[in-house]
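Here is a short report on one protein model. Keep the sequence and the 3D view open while reading.

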Amino acid sequence: MPHRTELYEGVPPTCWPIVYSPDYNITFMGLEKLHPFDAGKWGKVINFLKEEKLIGDDLIVQAREATDEDLLVVHTRRYLNKLKWSFVVATITEIPPVLFLPNFLVQRKVLKPLRTQTGGTIMAGKLAVDRGWAINVGGGFHHCSSDKGGGFCAYADITLAIKFLFERVPGVSKATIIDLDAHQGNGHERDFMNDHRVYIMDAYNRYIYPGDGFAKRAIKRKVELEWGTEDTEYLQKVHTHVEGALNELKPDIIVYNAGTDILDGDPLGGLAISPQGIVKRDEVVFKAARSRGIPILMVTSGGYQKRTARIIADSILNLHNLGLIDKELATSEAESPKVEQMIRDSVTDLTNLTCSDG
């Protein structure tokens, strides 16, 4: 019997299935600037979407922090205990000075934002099934597995979202991960190595971190890219292999890891995709999912340049302009009999909630 979790409770049907919390952003005495990662990019995405009048605070689903009990659905107790050592967190986040901080500060300033993003991914998984689509503005920690973190990934949010759905949502028994971050997604690959319910497509720069040969055995559709791959070749490969993956197996949920570190000039990704190429890539994936009626959960994953937040916002706006994500559609699906029953069964009185109630 799965434990009771607040992550699946109390989201009003009037909200957009876009999940975020101000707690996502890592700000601590400038330490976040020591990693080549815009550690406030998630808030910037939301601000751009507000400026464009797509969303307001009252319509965003407020992410909740994943509890230890939630995390133990996938993680070992031994691994979670390791995160109580600052040097372990410094290694995982690749921010060496974290080594010298007392762990209570590491928990509050570094790990709590990552736990909140992880809770957001789990929440967005349920929302995607109920509404047809959902976007967690954070998450996508695809290098973390049940017992090992790395590459800025401390919690296995993709594995958790899928396992939560398998255990708690009737009718969800097959999942496809489409991982288009520039790096191989070795965390979820290790977690689902022998699980035939999960189909993994992964397109990545073959020459960069993590180069995990063992984890590659879990990839059903492997797209290994060369240094400096550009838009035309990249988009053709994405289109061919996304269509191929979904024709090979029609899943009950797609988890789309939409890393923007494929952007030309990214110091770690080594690919050469334009901002317009990234927007088009996301469009290709959403069109493939929506045309087949498969629920899709998008997480934002890696992206190591200051202009990344604008590109993610532009992509979400493009998906909306094309009718691939739509509040009315999502709200009407939320009011379907299946979800009405779920709402009636909920212990929470949704009539008194707003989207931002946590």
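Is Val-98 buried or exposed? Val-98 is buried, with a relative accessible area of 1%. This is a predicted model, and the values below are computed from it. Val-98 sits in the loop between α4 and α5. In sequence, Val-98 and Ser-86 are twelve residues apart. In space, their C-alpha atoms are 6.3 Å apart.

**Helix α4 and its surroundings**

Ser-86 belongs to α4 and is buried. The other buried residues of this helix are Val-88, Val-89, Ala-90, Ile-92 and Thr-93. Because six of its eight residues are buried, α4 is largely enclosed by the rest of the structure. What do these buried residues pack against? They pack against α3 and α5. After α4 comes Glu-94. The phi of Glu-94 is positive, near 60°.

**A nonpolar patch on the surface**

Trp-85 is placed in the loop between α3 (77–82) and α4 (86–93). Trp-85 is exposed, at 54% relative accessible area. Trp-85 helps to make a nonpolar surface patch of about 510 Å². Phe-87, Leu-99 and Phe-100 make up the rest of the patch.

**The core**

The largest nonpolar core holds 116 residues. Which of them touch the most other members? They are Leu-83, Ile-162, Leu-180, Tyr-256 and Phe-286. Helix α5 (residues 103–131) gives this core its largest share, ten residues.

Tyr-256 shows what such packing looks like in detail. Residues up to four places away in sequence are not counted here. Tyr-256 touches Ile-178 and Leu-180. Tyr-256 also touches Arg-281, Asp-282, Val-285 and Phe-286. Its remaining contacts are Ile-296, Leu-297, Met-298 and Val-299. Leu-180 and Phe-286 are thus partners of Tyr-256, and both are listed with Tyr-256 among the core residues that touch the most other members.

**Cysteines**

How many disulfides does the structure hold? It holds zero. Cys-144 is in no disulfide. The nearest cysteine sulfur to that of Cys-144 belongs to Cys-153, 6.9 Å away. Why is there no bond from Cys-153? Its sulfur is 6.9 Å from the closest cysteine sulfur, in Cys-144, and that is too far for a bond. A disulfide needs the two sulfur atoms within 2.5 Å. Both residues are out of reach of the surface by the numbers: Cys-144 is buried at 1% relative accessible area, and Cys-153 is buried at 4%.

**Salt bridges**

Side chains of opposite charge can pair when their charged atoms come close. A search of the whole structure finds 18 salt bridges. The table gives three of them, with the distance between N and O.

| Pair | Distance (N to O) |
|---|---|
| Glu-224 and Lys-216 | 3.1 Å |
| Arg-221 and Glu-248 | 2.8 Å |
| Glu-233 and Lys-237 | 2.9 Å |

Take Arg-221 and Glu-248, whose salt bridge closes at 2.8 Å. This pair links distant parts of the chain, 27 residues apart. Arg-221 is in strand β6 (residues 221–225), and Glu-248 is in helix α9 (residues 231–248). Arg-221 counts as buried, at 18% relative accessibility. Lys-216, the partner of Glu-224, also counts as buried, at 19%.

The pair of Glu-233 and Lys-237 stays within one helix. Both residues lie in α9, four residues apart, about one turn of the helix. Glu-233 is partly exposed, at 38% relative accessible area. Lys-237 is partly exposed too, at 24%.

Some salt bridges share partners. These join Arg-206, Lys-216, Glu-224 and Glu-226 into one network.

**The segment before β1**

Where does His-3 lie? His-3 lies in the segment before β1 (18–20). His-3 is buried, with a relative accessible area of 16%. Neighbours within four places in sequence are left aside in what follows. His-3 is in contact with Glu-69, Asp-70 and Val-73. His-3 is in contact with Phe-164 and Arg-168 as well.

Definitions and conventions:
Residues are numbered from 1 along each chain as its sequence is written. This is a predicted model: local features need pLDDT of at least 70, side-chain atom pairs count only at pLDDT 80 or more; totals for chains, interfaces and linings use all residues. Side-chain values use heavy atoms; hydrogens and water are left out. A nonpolar core is a set of buried Ala, Val, Leu, Ile, Met, Phe, Trp, Tyr and Cys residues joined through side-chain atoms within 4.5 Å. Buried means under 20% relative accessible area, exposed over 50%, partly exposed in between (1.4 Å probe, protein chains only). Helices (H or I, at least four residues) and strands (E, at least two) are DSSP runs, numbered from the N terminus. Contact means heavy atoms within 4.5 Å. Patches are made of residues with over 30% relative accessible area and no salt bridge: like charges are joined within 9 Å, nonpolar side chains (Val, Leu, Ile, Met, Phe, Trp, Tyr) within 5 Å. Accessible areas come from the Shrake-Rupley method with a 1.4 Å probe; for residues, only the protein chains shown count as cover. A salt bridge is a side-chain nitrogen of Lys or Arg within 4 Å of a carboxyl oxygen of Asp or Glu.
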